[in-house]
Amino acid sequence: MITQTEGQIYLAGQRGCSQLSWFRSFHTFNFGLYQDQNREPFGNLQVFNDDTLAAGKSFKMQLEENTEVILLPVVGAIEYKNSLGETGILEAGQMQIFSAAKGMEYEIINPYETELINFIQLFLTNNQHSFIPKMQEINIDLEIRNQLFPLFSQGQNGLTTHQGTFGYIGKYSGRQEDLYQLKNPENGIFVFIIEGAFEVQNRLMEARDGLSLWNLDELEFEALSNDAIILILEVSWV
């Protein structure tokens with residue numbers, strides 16, 4: 001039986017937004033006071049926020065369940081503190097996974113005196129019985145163009161999450177095509193365009209647009225601008 005690919009687009013300009021004089025957060029999915037019946041979590045991807053924080057400012061987050069918190073700086077660096085006692089600086093070109101148990105906290109700080117920072121934070125639920133709080137970091141090499149760079153995966157050495165969730169990022173030149181083969185066709189795919197424009201499964205996507213897809217074995221995409229950056233998450237439904 002042939003199944004038809006289904007999907008939902010999340011246009012950048014139609015995301016939820018929480019804003020203060022010193023902080024702005026765009027929400028692809030329901031978060032805090034932003035609640036929309038068409039913005040429910042996608043599999044175990046519960047939160048996908050695109051955040052901007054003013055110079056010298058900070059905020060804290062507390063987790064309501066066991067969660068893989070993924071932090072990805074886009075512009076500038078973030079200073080962090082968490083309940084594991086870990087502190088440090090995470091720069092653009094790096095990524096962190098904070099495996100936080102229910103009730104744990106983390107703090108994000110803008111270490112600059114005059115500059116804004118922009119970063120992505122996403123939550124993956126983790127209901128494994130063997131969940132162990134920990135923190136992992138990775139350096140992202142986008143100098144190698146036109147191919148996907150693995151961020152995290154299940155069951156491999158290095159960075160891991162859980163339950164068949166995989167993450168990739170890539171920087172592409174204009175008119176370059178690529179293909180992502182799903183590890184598990186029962187998983188869903190979430191795509192987010194960080195910079196530039198792409199055509200993804202025959203859909204035009206521009207900077208900060210998101211797309212969720214299911215019932216597919218592979219993902220086809222083509223960069224429509226130079227230095228375009230795409231983030232691909234293969235998401236578990238378990």
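**Figure 1. A polar contact of 3.3 Å links the side chains of His27 and Ser25.** The model shown here and in the views below is predicted. His27 belongs to strand β3, residues 23–27. Its relative accessibility is 0%, so His27 counts as buried. Setting aside neighbours within four places in sequence, the contacts of His27 are Arg15, Gly16, Cys17, Ser18, Tyr34, Phe48 and Asn49. One of these residues, Phe48, returns in the next view as a member of the largest nonpolar core.

**Figure 2. The largest nonpolar core holds 26 residues.** Phe48, Met95, Ile169, Phe190, Ile194 and Leu233 have the most contacts inside this core. Seven entries make up the list of elements that give two or more residues: β4 (45–53), β6 (67–75), β9 (94–100), β11 (117–125), β13 (149–152), β16 (188–195) and β21 (228–235). The largest share comes from β21, with 4 residues. In soluble globular proteins, nonpolar side chains tend to be buried together.

**Figure 3. Strand β6 is paired with β9 and with β11.** Of the 9 residues of β6, 8 are buried, so the strand is largely enclosed by the rest of the structure. The pairing of β6 with β9 is antiparallel and has 5 bridges. Here Leu71 stands opposite Gln96 of β9. The pairing of β6 with β11 is also antiparallel and spans 8 bridges. In that pairing, Glu68 has Leu124 of β11 as its bridge partner. β6, β9 and β11 are among the elements that give two or more residues to the largest nonpolar core.

**Figure 4. Four strands form an open sheet in the order β5-β10-β7-β8.** The pairing is antiparallel. β5 (58–62) and β8 (87–91) are the edge strands, and each pairs on one side only. On average, neighbouring strands of this sheet are turned by 25° against each other, direction ignored. At the β5 edge, 5 bridges join β5 to β10, residues 105–109. The two strands run antiparallel. Ser58 is matched with Ile109 of β10 as its bridge partner.

**Figure 5. Arg208 is a buried residue in the loop between β18 (203–206) and β19 (210–214).** With a relative accessible area of 14%, Arg208 falls under the 20% cut-off for buried residues. Two side-chain polar contacts are shown. One joins Arg208 to the side chain of Asp50, at 2.9 Å. The other joins Arg208 to the side chain of Asn118, at 3.2 Å. Not counting residues up to four places away in sequence, Arg208 touches Tyr10, Ala12, Arg15, Asp50, Val74, Asn118, Phe192, Ile193, Ile194 and Glu195. Ile194 is also one of the residues with the most contacts inside the largest nonpolar core.

**Figure 6. Leu182 lies in the loop between β15 (177–181) and β16.** Its relative accessibility is 9%, so Leu182 counts as buried. Leaving aside neighbours within four places in sequence, Leu182 is in contact with Asn187, Ile189, Leu216, Asp217, Glu218 and Glu234. For scale, the C-alpha atoms of Leu182 and Leu72 are separated by 23 Å. These two residues are 110 residues apart along the chain.

**Figure 7. Asn146 and Asn202 each have a positive phi.** Most residues other than glycine have a negative phi. For Asn146, phi is near 65°. Asn146 sits in the loop between β12 (134–139) and β13. At 27% relative accessibility, Asn146 is partly exposed. For Asn202, phi is near 65°. Asn202 sits in the loop between β17 (197–200) and β18. At 69% relative accessibility, Asn202 is exposed.

**Figure 8. Residues 15–123 are listed by UniProt as "domain: Pirin N-terminal".** The listing comes from an unreviewed entry. Over this span the chain is 57% strand and 0% helix. The end C-alpha atoms are 17 Å apart. One end residue, Arg15, also appears among the contacts of His27 and among the residues that Arg208 touches.

Definitions and conventions. Residues are numbered from 1 along each chain as its sequence is written. This is a predicted model: local features need pLDDT of at least 70, side-chain atom pairs count only at pLDDT 80 or more; totals for chains, interfaces and linings use all residues. Side-chain values use heavy atoms; hydrogens and water are left out. A nonpolar core is a set of buried Ala, Val, Leu, Ile, Met, Phe, Trp, Tyr and Cys residues joined through side-chain atoms within 4.5 Å. Buried means under 20% relative accessible area, exposed over 50%, partly exposed in between (1.4 Å probe, protein chains only). Two strands pair if DSSP finds at least two bridges between them. Axes are lines fitted to C-alpha atoms, for helices over the stretch in contact, and angles run from 0 to 180 degrees between N-to-C directions. A polar contact is a pair of N or O atoms within 3.5 Å; within protein, one must be able to donate a hydrogen and the other to accept it, and residues adjacent in sequence count only if both atoms are side-chain atoms. Contact means heavy atoms within 4.5 Å. UniProt positions are given in the numbering used here, feature names are shortened, and annotations may be inferred rather than shown by experiment.
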